[in-house]
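Me: I am new to this structure and should like to work through it by question and answer. May we begin with the strands and then turn to the helices?

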Amino acid sequence: MKKFVLLVLLLFLLFAPAYSQSGRRADPDISVAETDSLKKYPVPELYSKATNYATEQFTKFEQSKTPYTQALHRNVLSEQKALAAKYGNHAKARTNLAGDDYYYLGRLHWMATNSTDAGEAFEKFLKLDNGTDQKKQTARSVLVVIAATNNDLAKSERFITDYYENEPTKLTEIAAMEKELAYRYSLENNFEPAAPHAEKAFEAAEKLLREDESRARALNRLMDAGVTAFGIYKELGEREKAESTLVKLRDDSIAPQSHAVYYKAIDELIKYKIETGRKLEGAALYKETLKRIKTDFNSESARTYIVNKFEKREKHYEILGEPAPKLVAIENWLPQKPQEIADLEGKVVLLDFWATWCGPCIEAFPSLIEWHETYKDNGLVILGLTRYYKDSGTAKSKEFEFLTRFIRDHSLPYQIAIAYGQANQFAYGATGIPTAVLIDRKGVVRYVESGNSDSREQELLLAIKKLLSEQ
C-alpha cells in the first residue's frame, strides 16, 4: 500500500501545474450545514485536511483493490482542488483571521490554483510579520511566481530580492522562482534578464538531483531547467554557453541513468549544430553518441532502448537543413487541389503524416484546424499526408470513399494527399505517426518530430510562429 500511495504522490508532484496558476476562481457552493461544520476547524487544520485528501483517497482505493488509472488520478486531484477552493473561500470569509491563518489561507488558495486570492493572503501574512522565517520565505517564493505569471516582472524581482536577503533558502523554492522568471522573460523575447535566472534555476536543479528524495521529480525539473537555459542562450547567440548547458545536462543524466534526459540533451545539441550550419559536427556527435551509450549506461535494455531511439531519429537529422524531398506517388488530393512542395516557396509548409486508425493523429486534428484558420493568411499551408493501405482496385476504391467521409466528418479544412506506398514516409523519416515536418519559406526542412502530446503541440506551434516571422 505504501508503494501505491507514494506513486500517487509522485505523480501529483509531476503533473501539478509548475509554472502557471489561474486567477480568481468562482466560489464553490457551500451549504449552511457545511459552513457550520467547518467553523470548528482552525485554518491550519483546513489546510491539513485538504493536503491529506489525495493520500487518504488513494489509501482507500488500495485497500479496496481499486485499479490505478490516470483518469482516477486526475479525478482525485480535481476533487482535492475543489476541496481546497471550498475550504479557502470559507476561511476567507472569517472575520477573526490573524497571523499564520493568512499563511495557510494562501496555501489553500494556491492548492486550488487561485493565484489572485493566494497572492492577497500571502502579502497580508508578510505585512503582519509574525510568522516563522520559513513560512515567510515560502510566502515570498510563491509571490515571486504569482507576480511573474501575472507579467508583473518588476514586482516579481522585488520579491525574489527579498527572498535572497532573508533566511532560510530552499533549493526547491529557488528552482521554481528562477525557472518561472526565466520562462516569463523568454515569453517576452527579453532574453538578457532571462539568462541569469535560467542559469540559477539550472544550478539549483543540478543540486536537487543529488539531494531530492524523488528521482523522477528531480530529473523532470533538471531537464526543464536545462532546456530552458539552452533556449535562452541560443536566442542570445551565446553558442558556447548553449552547448555547454546541453553537455552538462547529458553528463548529469549518467549517474541516475536517465535515458530520457540523456536523449533530450543530445538530440537538442545535434539539432542545434545542424541549425547553426555545422551539420558535419552534428553527424559526428551522432556517431560518437552511439558509441558512448555502451559505456554511459549499465543496463543492456537501457542501451538497446536509447540506441534504437537515436537510430530512428537518424533520417530526421539527415533531412534537417536540406531542401524538402519531393512528394511522390500521390494518387489523390482532397479536395482535388494538387500541390507540389516546390510550388509553395514563400509559404511555411506543415506536413502532417497521419492515418485514420491512429489515435494520436486524430487528437492533433483540433490544433491543426485551429492553426490553419489562424495562420493561413500569414503564409501557413498545412498538407495532411496519408496513404492507401489496400492494394486491390475495389478495396482501394472503398478506402477512398471511407477517407473522403472521414475527412468530411472531422471537418478537416486543409488539403489532404493520399499516396500509394510508403516512399514519402521513408523520405521524411515518418515511419511512426503522427509525424510533423515544417518547411520554411525557402523550401528547407527546419523541424521534424514524431508523436503527439500537449508539450509537443506547444513546441510545434512555437516553431510555426518562428518560421512565419522569417522573411
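Me: In this predicted model, how many bridges join E2 to strand E5, and in which sense do the two strands run?

Reply: E2 covers residues 348-353, and E5 covers residues 435-439. Within this pair, Asp352 stands opposite Ala436 in E5. The two strands are joined by five bridges, and their sense is antiparallel.

Me: Which residue of E3 is the bridge partner of Asp352?

Reply: Besides its pairing with E5, strand E2 is joined to E3 by six bridges, and E2 and E3 run parallel. In E3, the residue that partners Asp352 is Gly384.

Me: Which residue of E4 is the bridge partner of Thr386?

Reply: E3 pairs with strand E4, residues 415-419, in the parallel sense over five bridges. Thr386 lies in E3, which spans residues 380-387. Its bridge partner in E4 is Ile418.

Me: What is the order of the strands in the open sheet?

Reply: The pairs described above place E3 beside E2 and beside E4, while E2 also pairs with E5. The edge strands, each pairing on one side only, are E1 (330-334) and E6 (445-450). Neighbouring strands of the sheet are turned by 20° against each other on average, direction ignored. With mixed pairing, the six strands have the order E1-E4-E3-E2-E5-E6.

Me: Is strand E3 largely enclosed by the rest of the structure or open to the outside, and why?

Reply: In a regular strand, side chains alternate between the two faces of the sheet. On one side of E3, Leu380, Ile382, Gly384 and Thr386 are buried, and on the other Val381, Leu383, Leu385 and Arg387 are buried as well. Because eight of its eight residues are buried, E3 is largely enclosed.

Me: Which helix joins with E3 and E4 to make a right-handed β-α-β unit?

Reply: One right-handed β-α-β unit is made by E2, helix H16 (residues 359-375) and E3. A right-handed unit is also made by E3, a helix of residues 393-409 and E4. That helix lies across E1, E3 and E4, running at about 30° to E1. The helix in question is H17.

Me: Is Gln425 buried or exposed, and what is its relative accessible area?

Reply: Gln425 belongs to helix H18, residues 423-428. Leaving aside neighbours within four places in sequence, Gln425 is in contact with Phe353, Arg387, Ala430 and Thr431. Buried means under 20% relative accessible area. Gln425 is therefore buried, with a value of 8%.

Me: At what angle do helices H4 and H5 pack, and how far apart are their axes?

Reply: Two packed helices are described by the angle between their axes and the distance between the axes. Here H4 comprises residues 70-92 and H5 residues 100-111, and H4 passes H5 in a left-handed crossing. The angle is about 145°, and the axes are 7 Å apart.

Me: How do the residues of the contact of H4 with H5 divide into nonpolar, polar and charged?

Reply: From H4, the contact is made by Gln80, Lys81, Ala84, Tyr87, Gly88, Asn89, Ala91 and Lys92. From H5, Leu105, Leu108, His109 and Met111 take part. These residues divide into six nonpolar, four polar and two charged.

Me: What percentage of the residues in the whole protein is buried?

Reply: The protein has 19 helices and six strands, and its C-alpha trace spans about 80 × 50 × 45 Å along the principal axes. Of its 471 residues, the buried share is 47%.

Terms used: Residues numbered from 1 in each chain as written. Predicted model: local features only at pLDDT ≥ 70, side-chain atom pairs only at ≥ 80, totals over all residues. Heavy atoms only, no water. Axes fitted to C-alpha atoms, helices over the stretch in contact; angles between N-to-C directions. Helix = DSSP H or I, 4+ residues; strand = E, 2+ residues; numbered from the N terminus. Left-handed = near helix turned anticlockwise from the far one by under 90°. Contact = heavy atoms within 4.5 Å. Nonpolar A, V, L, I, M, F, W, Y, C, P; charged D, E, K, R; others polar. Buried < 20%, exposed > 50% of the residue type's maximum accessible area, 1.4 Å probe, protein only. Pairing = 2+ DSSP bridges. Right-handed = clockwise from strand over helix to strand, strands pointing away.
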